[in-house]
Amino acid sequence: MTYCKSPFEYSRRHSREVNVGGVAIGGTSPIAVQSMLTSDTMDTDACVAQTAALVDVGCQIVRITAPTKNDAANLGVIREALAAKGMRVALVADIHFKPEAAMEAAKWIDKVRINPGNFADKKKFQTKEYSAEEYEAEVRRTEEAFAPLVLECKRRGVAMRIGTNHGSLSDRILNYYGDTPLGMVESAMEFARVARKHGYHDLVFSMKASNPKVMIEAYRLLVAKLGEQGPDWNYPIHLGVTEAGEGEDGRIKSAIGIGALLHDGIGDTIRVSLTEDSPREIPVCRILIEQVSELARNQMDLSGLTLAEERDPFSYARRPADRVEIDGVGFGGEEPIRVVVSRGAWDELAGRIRPGSDVRPEGIYERIAPLELDPLQDFAPPEPGRMVTLSDACGANPIAGFRILAAKLHAMGARNPILLKDTFHVAPAGGDPSRALLASSTVLGALICDGIGDAIMIRRETNATAALKLAFNILQAAGSRSFKTDYVACPSCGRTLFDLQVVTARIKARTAHLKGVKIAIMGCIVNGPGEMADADFGYVGGAPGKINLYVGKTAVKFNIPETEAVDRLVDLIREHGKWRDPAPEESAVAK
């Protein structure tokens, strides 16, 4: 199976074009940017105001939740109000659980997003073994529920996104395929077959997850499976990391997943899901798209390269490397991915690091003295026990360059640990830190999710303290190391039952010192229990003003008043032995 033309050379995947309210997705059109409203769908004025704010910052497609048929009907009122203000923007209805809401929404919008995991199936986390006949009967039942929407969208010229979420796979899919990227892909393919059976092709696909590794694997597998079906299955792809969170963490996680796939040539429209005001998502989208555009403009000549990819791009496995010890620190083997700095950065940071701090440099580049190689030139197998990296003069972009290096080392049987650089051109002082953060996260995160790399070095960020923090944040977001509390926080929408930004800040203030604990903060139950499957604890909106608390994906406390819920969450963490009181300096940071 192949998911891109070449892992070593950028080439955008060819897809058919789907029109969404005048915005072309796929084909040769530029990658489109979109976002989602956070206001109540029945509050027309708020929806219009938020849409206007998004359009002002360059959003091309606006998604609005439609949890009920009444909400779906109000999409028509919103559309009329936008038209009265002279505002024309592509509108998408976000549907979960209610086929009747989807049918109503199709009257008023340009695209409907359905989630195969909950459109016709129920999710109760039940274990059941299906016979082939029972499974096929369930598939037929799903088709009966879905076909009317397909026919209505075809009749009205409305596009559709078949949007699978890792956190909301149906019990049927979970029992048959497991909680896997393959299950995500097969869930979407079932619905695609129904659409094609009725001659409907205005489809866009997505495979969202809060874990970038899962998200990358699922999208690659989807593209490969679509390709296996034939050339007319070349539907456009919508990219997104769901529940990415807020601030730097949300941007880093989004850049890893979205940026890696854009560099693979996959993606025709993107949404960055931040637990922030929606307009703040659009500049992040624009920067990620600009980065891949820059890559396309500066292609290296690989016409003479004959090299097979040695890794499995559909399943994560860290590249095998021999362990080496330098200055008492182990690199490679079973050691965690280490953070390396330059001698100058080490000297600058030496007096600032607290004893026992998890965030500290673990190696000095000049003392490690890695063997610098040009992957586009022939080189002899490096001597065992020597760390290797790419030469700054190699001419390759870092993602392609390190992939080529890893493949060549594999062909030689060499197991040298690899030190990753985020750039071969040391950034001058005074650059844009937001661009540096996204670029470093894309490059290093993509390679780490490929299983490549035993140490990383940040060079785009010139502030030594900020660069050190960014390196550890990238490792945490990629799921490679844990040095602080990990949060899964959904972006707000009209289904949200509490103020996500306020509550997220409140929970972080109480729990940010809990290294290695993962907490999910979810506005409603649509993706909540599923996306929390690998979280230790969950805080989920159950009803207006009421919160349900979870341990893993199991709800253990129900209908807690929101005013008490954070305290009860802390109590729950204590009950399960994962609480410790913050040290004085940790309390000061939290405040």
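## Exercises on buried residues, strands and cavities

At 5% relative accessibility, C493 counts as buried. This value, like those that follow, comes from a predicted model.

**Exercise 1.** Classify C153 as buried or exposed, and state how many disulfides the structure has.

*Solution.* Step 1: the cut-off for buried is under 20% relative accessible area. Step 2: C153 has 0% relative accessibility, so C153 is buried. Step 3: C493, at 5%, falls in the buried class as well. Step 4: a disulfide is a covalent bond between the sulfur atoms of two cysteines. Step 5: the search over the whole structure returns zero disulfides.

**Exercise 2.** Describe the surroundings of strand β13: which strands pair with it, and in what sense?

*Solution.* Step 1: β13 covers residues 338-341. Step 2: strand β18 (residues 455-457) pairs with β13 in the parallel sense over two bridges, and there R338 stands opposite A455. Step 3: strand β14 (residues 363-364) also pairs with β13 in the parallel sense, again over two bridges; here V341 has I364 as its bridge partner. Step 4: for the connection, take helix α11 (residues 343-349), which together with β13 and β14 makes a right-handed β-α-β unit.

**Exercise 3.** Sort the residues of β13 by face, and decide whether each face is covered or open.

*Solution.* Step 1: in a regular strand the side chains alternate between the two faces of the sheet. Step 2: R338 and V340 belong to one side, V339 and V341 to the other. Step 3: these four residues are all buried, and both faces of β13 are covered.

**Exercise 4.** Locate A209, classify its exposure, and give its C-alpha distance to T41.

*Solution.* Step 1: A209 sits in the loop between β8 (203-208) and α8 (212-229). Step 2: its relative accessibility is 0%, and therefore A209 is buried. Step 3: A209 and T41 are 168 residues apart in sequence, and their C-alpha atoms are 25 Å apart in space.

**Exercise 5.** Characterise the second largest cavity by volume and lining.

*Solution.* Step 1: the model has three cavities of 30 Å³ or more. Step 2: the second largest holds about 150 Å³ of space. Step 3: 15 residues line this cavity, and A244, D249, K253, D486 and Y487 lie nearest its centre. Step 4: the elements giving two or more residues to this lining are α9 (247-263), α15 (464-477), β19 (486-489) and α16 (500-511). Step 5: sorted by class, the lining of the second largest cavity comprises six charged, five polar and four nonpolar residues.

Key: Residues are numbered from 1 along each chain as its sequence is written. This is a predicted model: local features need pLDDT of at least 70, side-chain atom pairs count only at pLDDT 80 or more; totals for chains, interfaces and linings use all residues. Side-chain values use heavy atoms; hydrogens and water are left out. Buried means under 20% relative accessible area, exposed over 50%, partly exposed in between (1.4 Å probe, protein chains only). Two strands pair if DSSP finds at least two bridges between them. A crossover is right-handed if, with the strands pointing away from the viewer, the path from the first strand over the helix to the second runs clockwise. On a 1 Å grid over the protein atoms alone, a cavity is a set of points where a 1.4 Å probe fits but cannot get out, and a pocket is an open set with protein on both sides within 12 Å along at least five of seven lines; lining residues have an atom within 4 Å of a point. Grid points are joined across faces, edges and corners, and a volume is the space filled by probe spheres set on the points. Ala, Val, Leu, Ile, Met, Phe, Trp, Tyr, Cys and Pro count as nonpolar, Asp, Glu, Lys and Arg as charged, and the others, Gly among them, as polar. A disulfide is a pair of cysteine sulfur atoms within 2.5 Å.
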